[in-house]
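Student: Please pick one part of this model and look at it closely. Then show me how the same way of reading works elsewhere in the chain.

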Amino acid sequence: MKRSLRIVLLIVGSVGDLYPILALGQGLQERGHIVTIATQSIFQRNVRELGLNFAPLSGNHQAFLQSEAGERFILGKYGLFESFKPFKDELAQHLEEAWNICQDAEAVGFAGISYWPISIIEKLEIPCFFLPLFPINPTRQFPWLGFDRVDRKPGFIKGLINLLGYYLIEFVIWQRYQGVINTFRKESLKLPPVPWLGYRFYPPLRKKMQGIPLLYRFSPQLLTAASDWAACPPTYMPGFFFLANQRAYVPPSALTEFINAGPPPIYIGFGSMVSLDPEGLTQIIIKVVECLGKRAVLLSGWAGLGQQALPNSIFLIDNVPHDWLFPQMSVVVHHGGSGTMAAAMKAGIPQVTVPFFFDQPPLGQRLAALGVSPEPIPYSKLSVEALAKQIAIAATDLDMRNRAKAIAQHIRAENGVQNAIDILSKYFSKPSSPV
């Protein structure tokens, strides 16, 4: 019988960032492991409802995004060297909290792109794995956060620029955080500081990083592995992580009646994104629905949409499971968040994306390249005309709908959570694992 492990999964982010990690935790627990989700307290109920252990991390992602600094971050008003500044103050607390949480752990999984857990793993000398949201392995085939522009055979100059971009971003992130991390290393972990140039110039961490597996939590249907990804670190694409064995959802009768009262409605929701003008954004949505002569299910979300009077053609919801709702929709309009995108791809529904920032624009472009969505509309350029046009395309393009259904069949046949656990089990079972 395989030994059960005490596993900690560290995650800081939005609801869409959290749920794939909960799905993995759920699967690990079903395999007999003891799983603790370390995340912010606003998600304690989400974690405990699935029977997983919860450990609190400080901060409130929702409150941050709804603050002035959060609005600046979402709207891209920070420059490259400032973009990580909002999280610097919080990092020192997260390091101490994570260190305390991981004291009794026998394996740790981290969902993010930063350096903050590496020192903890170096000190504990236990198996570690990363769960990146988007590609972080250096490659010549597409730039960092540019996986919508895959070129399998780029020219030498283009390929070199792509490759060097990853190291530049890595260097920028390290310069932003190195003071906090090195202070933590010296004072709490009693480890020597990492050099100014980063972990690649510090042999203990460089060796450690080469053995840490990366499990991208998305489907090969979205993006296939780059052919020049090195064997170190070992990299896998097990598939999307979806929750299983959820408590049966009982929808409000009014929602069921609305859906069944006519042709499948449109879903419109921007998840954890916030808006400087939620009333104005709601008015755009109202006008689009009226212009198209459609009905829509509108998610209030963290932006607080739909707080004014709505026409009978729009039904406002606060929270509904995507796997229940999306198969009953005709089009899914969203912000390009990975969780919403994955659920829509699994449902086989055409999508329209209105990306705000970070990985959302390339995800929107990637969906368009796959033929399951028209071109994305950047949030800064959103208008009634633009949104109505793209929804009309998604609703009427039969090739797009058929392509979405075909991809959905492949995604439903995958089992990303179980594939990931099978991969991780090999690392867990190594008596002298290098990770």
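Tutor: What follows takes one helix and its surroundings, then turns to other places in the chain.

This is a predicted model, in which local features need pLDDT of at least 70 and side-chain atom pairs count only at pLDDT 80 or more, while totals for chains, interfaces and linings use all residues. Residues are numbered from 1 along each chain as its sequence is written, and side-chain values use heavy atoms, with hydrogens and water left out.

The protein chain has 16 helices and 12 strands. Both are DSSP runs numbered from the N terminus: helices are H or I runs of at least four residues, and strands are E runs of at least two. Of the 435 residues in the chain, 54% are buried. Buried means under 20% relative accessible area, exposed means over 50%, and partly exposed lies in between, using a 1.4 Å probe and protein chains only. Take the contacts between residues at least 6 apart in sequence: 63% of them join residues at least 24 apart. A contact means heavy atoms within 4.5 Å.

The part to look at closely is helix 13, residues 360-370. Because 8 of its 11 residues are buried, helix 13 is largely enclosed by the rest of the structure. The buried ones are Gln360, Pro362, Leu363, Gly364, Arg366, Leu367, Ala368 and Leu370. They pack against strand 11 (331-334), helix 12, strand 12 (351-353) and helix 15 (398-413). Just after helix 13 comes Gly371, with a positive phi near 85 degrees.

Now take one of those partners, helix 12 (residues 338-347). Its axis and that of helix 13 are 11 Å apart, and the two helices pack at an angle of about 20 degrees. Helix 12 is therefore roughly parallel to helix 13. Here the axes are lines fitted to C-alpha atoms, for helices over the stretch in contact, and angles run from 0 to 180 degrees between N-to-C directions. Angles under 35 degrees count as roughly parallel, over 145 as roughly antiparallel, 65 to 115 as roughly perpendicular, and the rest as oblique. The crossing of helix 12 with helix 13 is right-handed. A crossing is right-handed if the near helix is turned clockwise from the far one by less than a right angle, and left-handed if anticlockwise.

Which residues make this contact? Ser338, Met341 and Met345 of helix 12 meet Leu363, Leu367 and Leu370 of helix 13. By class, these are 5 nonpolar, 1 polar and no charged residues. Ala, Val, Leu, Ile, Met, Phe, Trp, Tyr, Cys and Pro count as nonpolar, Asp, Glu, Lys and Arg as charged, and the others, Gly among them, as polar. An α-helix has 3.6 residues a turn, so residues three or four places apart point the same way.

Leu363 also has a distant companion in sequence. Its C-alpha atom is 9.3 Å from that of Phe134, although 229 residues along the chain separate them. Phe134 sits in the loop between strand 5 (128-130) and helix 7 (156-189), and is buried, with a relative accessible area of 2%.

A second helix pair reads differently. The axes of helix 1 (residues 15-30) and helix 16 (residues 416-428) come within 10 Å and cross at roughly 60 degrees. Helix 1 is therefore oblique to helix 16. Their contact joins Ala23, Leu24, Gly27, Leu28 and Glu30 of helix 1 to Val417, Gln418, Ala420, Ile421 and Phe428 of helix 16. That contact holds 7 nonpolar, 2 polar and 1 charged residues.

Helix 10 (residues 278-292) allows a check on length. Its 15 residues should span 21 Å at 1.5 Å a residue, and its end C-alpha atoms are 21 Å apart, so the two agree. The expected span is 1.5 Å times one less than the number of residues. After helix 10 comes Gly293, with a positive phi near 65 degrees.

Residues other than glycine can have a positive phi here too. Glu125, not a glycine, has a positive phi of about 55 degrees, lies in the loop between helix 6 (118-124) and strand 5, and is exposed at 62% relative accessibility. Lys190 has a positive phi near 60 degrees and lies in the loop between helix 7 and helix 8 (203-211).
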